[in-house]
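Biologist: Please take a close look at the salt bridges of this structure. I would like to know which residues form them, where those residues lie, and what surrounds them.

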Amino acid sequence: MKTILTIEKENILNLSFSKAEVIPDPDGQKKRMADLYRSQTLGNLLHTKVKITFEAADQQIYMVDTTVWAVGNSFVSLKGGVFLPIRSILQVD
């Protein structure tokens, strides 16, 4: 198990991301999207934060505690105008 580093959302801008999908299983990808849409609803209606675990291009695993403002086809928009590629997201809690 890799060490998960906690990161502030503002520091995500300093990371690089791979074009590879971190969840190869289609069912896992569907669950991730459902979790992201749920987190978008929580963020917009209740301003609730969620924990997003993701992998950077160097294969380091990070966790950010943030509010999800919008979910697009390829990226999620976090509070503060930070974008995170969906293909890099491992888990949403």
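**Salt bridges and their surroundings**

Modeller: R32 and E21 form a salt bridge through their side chains, with 2.8 Å from N to O. This pair connects distant parts of the chain, since R32 belongs to helix α1 and E21 to the loop between β1 and α1, with their positions 11 residues apart in sequence. The model is predicted, and the values that follow should be read accordingly. The two partners are placed in contrasting surroundings: R32 is buried, at a relative accessible area of 5%, whereas E21 is partly exposed, at 32%. The value for R32 falls under 20%, so the residue is classed as buried.

The structure as a whole contains four salt bridges, and two others can be described here. One of them joins the side chains of D65 and K51, at 4.0 Å from N to O. D65 is part of strand β3 (residues 61–66) and K51 is part of strand β2 (residues 50–55), so this bridge ties together parts that lie 14 residues apart in sequence. Both ends are partly exposed: the relative accessibility of D65 is 37%, and the relative accessible area of K51 is 38%.

The other is formed by K9 and E10, whose closest N and O atoms are 3.1 Å apart. The same side chains are also joined by a polar contact of 3.1 Å. K9 is located in the loop between β1 (4–6) and α1 (26–46). Its partner E10 is partly exposed, with a relative accessible area of 44%. With neighbours within four places in sequence set aside, K9 is in contact with V64, T66, K79, G80 and V82.

From R32 the description can be extended to the nonpolar interior. R32 is among the residues touched by I89, together with V22, I23, L36, I52, T53, F54, V76 and L84, when residues up to four places away in sequence are not counted. I89 is also one of the residues with the most contacts inside the largest nonpolar core, alongside I12, I52, F54 and V76; this core has 19 residues. At least two core residues come from each of β2, β3, β4 (68–71), β5, β6 (82–85) and β7 (89–92). The largest share, three residues, is supplied by β2, the strand that also holds K51.

Several of these strands belong to a sheet. β4, β5 and β6 form an open, antiparallel sheet in the order β4-β5-β6. β4 and β6 stand at its edges with a single partner strand each, so one side of each has no neighbour in the sheet. From one strand to the next, the twist averages 25 degrees. β4 and β5 are joined by three bridges, and V71 stands opposite V76 in β5. Helix α1, which carries R32, lies across β4 and β5 and runs at about 135 degrees to β4.

F75 is found in strand β5 (residues 75–78) and is partly exposed, with a relative accessible area of 39%. Apart from neighbours within four places in sequence, F75 is in contact with A70, F83, L84, P85 and I86. F75 and I89 are 14 residues apart in sequence, and their C-alpha atoms are 9.8 Å apart in space.

Methods. Residues are numbered from 1 along each chain as its sequence is written. This is a predicted model: local features need pLDDT of at least 70, side-chain atom pairs count only at pLDDT 80 or more; totals for chains, interfaces and linings use all residues. Side-chain values use heavy atoms; hydrogens and water are left out. Helices (H or I, at least four residues) and strands (E, at least two) are DSSP runs, numbered from the N terminus. A polar contact is a pair of N or O atoms within 3.5 Å; within protein, one must be able to donate a hydrogen and the other to accept it, and residues adjacent in sequence count only if both atoms are side-chain atoms. Contact means heavy atoms within 4.5 Å. Buried means under 20% relative accessible area, exposed over 50%, partly exposed in between (1.4 Å probe, protein chains only). A nonpolar core is a set of buried Ala, Val, Leu, Ile, Met, Phe, Trp, Tyr and Cys residues joined through side-chain atoms within 4.5 Å. Two strands pair if DSSP finds at least two bridges between them. Axes are lines fitted to C-alpha atoms, for helices over the stretch in contact, and angles run from 0 to 180 degrees between N-to-C directions.
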